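Hi everyone, and thanks for coming. I'd like to walk you through one structure today, so please have a look at the screen before I start talking.

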Amino acid sequence: ARVREATYKELYRVFTGHSNVIGEIYSTLIHDWRTENIELRKFSTPIAPRNLGNDVPDQAVNALLSACTKNASIFQEYFKLKARICKLGKISRYHIYAPHRSDRKRYRYQDAKTMVLEAYRGFSPHMGELAARVFDEQHIDAPARPGKLSGAYCYSVAPGLTPYIMLNYTGEARDIATLAHELGHAIHGMMAGHHSIFTFHSTLPLAETASVFGERILSDALMAQERNTAVKQGLLLSQLDDIYATVLRQAYFVQFENTAHELIGRGGTAQDLTAAYLANLRQQFGKAVTVPDEFQWEWMTIPHIFASPFYCYAYSFGNLLVLALYRMYKEQGQSFVPKYLDLLAAGGSKSPAAILSTVGVDMNSEAFWQSGFDTIREMVQELDRTMD
């Protein structure tokens, strides 16, 4: 805990020293964005050009962001539980990603392969066959070794070519989830392989659909067979940490950007932005998490808001979408599977709205996004039950 706190303080000490320059850079970028998109191109709002690029209606993005703001309390409750499990007292923003201290089960790569393939086959034999093809053609580079890039990715090169996957497998449960995730991307690319090279890649808002859905399939399988409470807690904590980072955190970045563009448009300063960001964080965490003053500088460390304004809601969109779709699967059972396969097979050949309509989804409906948060709430409740 002391190392985490010291690391954050040192990071923000450096950014504080450059805050005037970085603030001026960001203000200039906002003015530039506004000049082109609001004044010249006559978009109604600063976020509208990004929505057009993503082929997503403004109404859908507004519904998504509204649902995220209304459900911040779910993660506030989660962080209270995590503080108890990790024996942190009242949790501070320094420690929201603190690792779980309990038992960490290790898995052999062959066992991980078997678990992932069985999970995919249990959902859809066809998806299981496609996942197996990636292994059979030796298109996965799994071992961690010196000099290898960190992280993981999948590259669907062209229609008709089995995608390639790179990951760093170390035997943790998280690595099995990563394997399921990247295979989901590969399956998505192969399902859409009948389209041209211009339309087989999915659009950005749907790019994480198959990968995160694959993680959910695997997670259910792992949780069903696990009897060790500490391991179950670790699995849930890992999932909820990831969901927080990819759903709520990203949505609040975009909420801050909306505020920043409004402030700068009225002549606001970097100091105004910093105060707005700290207020944004404290509203997000409520009374559950203490937010030290130095986190007011965090916005300066987020590259997306400088290089790709309003990009970050795509993470919230993609991940919350999957949680809502998975809820539909649990309610509808096997009748949902063919509709989901059709969704993947569409690739990027239609707009996201048209593709999602095939499974009965109205992305403009806040109730749909709320169903994703209902799934998250159930995961938090399950974590709470492990503490009994």
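Let's begin with a question: which residues of α5 are buried? Keep in mind as you look that this is a predicted model. The buried ones are A72, I74, F75, Q76, Y78, F79, L81, K82, A83 and I85. That makes α5 a mostly covered helix, with 10 of its 14 residues buried. As for what does the covering, the list includes α4 (58–70), α10, α11 (270–285) and α16 (366–385).

We can also check the geometry of α5. The helix runs over residues 72–85, and at 1.5 Å a residue its 14 residues should span 20 Å; the end C-alpha atoms are 20 Å apart, so the expected and modelled values agree.

Now follow the chain out of that helix. Just after α5 you meet K87, with a positive phi of about 55°. K87 is not a glycine, and its place is in the loop between α5 and α6 (109–123). Is K87 buried or exposed? It is exposed, because its relative accessible area is 68%, and the cut-off for that class is over 50%.

There is another residue to set beside it. F310 also has a positive phi, about 65°, without being a glycine. You'll find F310 in the loop between α12 (303–307) and α13 (313–332). Here the surroundings are another story: F310 is buried, at a relative accessible area of 0%.

That takes us inside. The largest nonpolar core holds 132 residues, and L183, F213 and W369 have the most contacts within it. The biggest contribution to this core comes from helix α10 (residues 229–265), which supplies 17 residues. If you zoom in on W369, leaving aside residues up to four places away in sequence, you'll see that W369 touches A60, A63, L64, A67, F317, L320, L321 and M363.

Let's turn to charges. Across the whole structure, a search finds 18 salt bridges. I'll pick a few. R41 and E36 meet through their side chains, with a distance of 3.1 Å from N to O. E36 is partly exposed, at 37% relative accessibility.

Next, R106 pairs with E172, and the closest N and O atoms there are 3.7 Å apart. What does that pair tie together? R106 lies in the loop between α5 and α6, while E172 is in the loop between β3 and α8 (173–191), so the bridge connects parts that are 66 residues apart in sequence. R106 is exposed, at 52%, whereas E172 is partly exposed, at 27%.

Then there is R174 with D242, where the closest N and O atoms are 2.6 Å apart. This pair links distant parts of the chain, with R174 in helix α8 and D242 in helix α10, 68 residues apart. Both ends are partly exposed: R174 has a relative accessible area of 42%, and D242 comes in at 31%. Elsewhere, salt bridges with shared partners join R93, R249 and E298 into one network.

One last stop, out on the surface. Y153, Y155, L161 and Y164 make a nonpolar patch of about 420 Å². Of these, Y164 sits in strand β3 (residues 164–169), and Y164 is partly exposed, with a relative accessible area of 40%.

That's my tour. Thanks for listening, and I'm happy to take questions.

Terms used: Residues numbered from 1 in each chain as written. Predicted model: local features only at pLDDT ≥ 70, side-chain atom pairs only at ≥ 80, totals over all residues. Heavy atoms only, no water. Patch = residues over 30% accessible without salt bridge, like charges linked within 9 Å, V, L, I, M, F, W, Y side chains within 5 Å. Areas by Shrake-Rupley, 256 points an atom, 1.4 Å probe, with all protein chains shown as cover. Salt bridge = Lys/Arg side-chain N within 4 Å of Asp/Glu carboxyl O. Helix = DSSP H or I, 4+ residues; strand = E, 2+ residues; numbered from the N terminus. Buried < 20%, exposed > 50% of the residue type's maximum accessible area, 1.4 Å probe, protein only. Core = buried A, V, L, I, M, F, W, Y, C linked by side-chain atoms within 4.5 Å. Contact = heavy atoms within 4.5 Å. Expected span 1.5 Å × (residues − 1).
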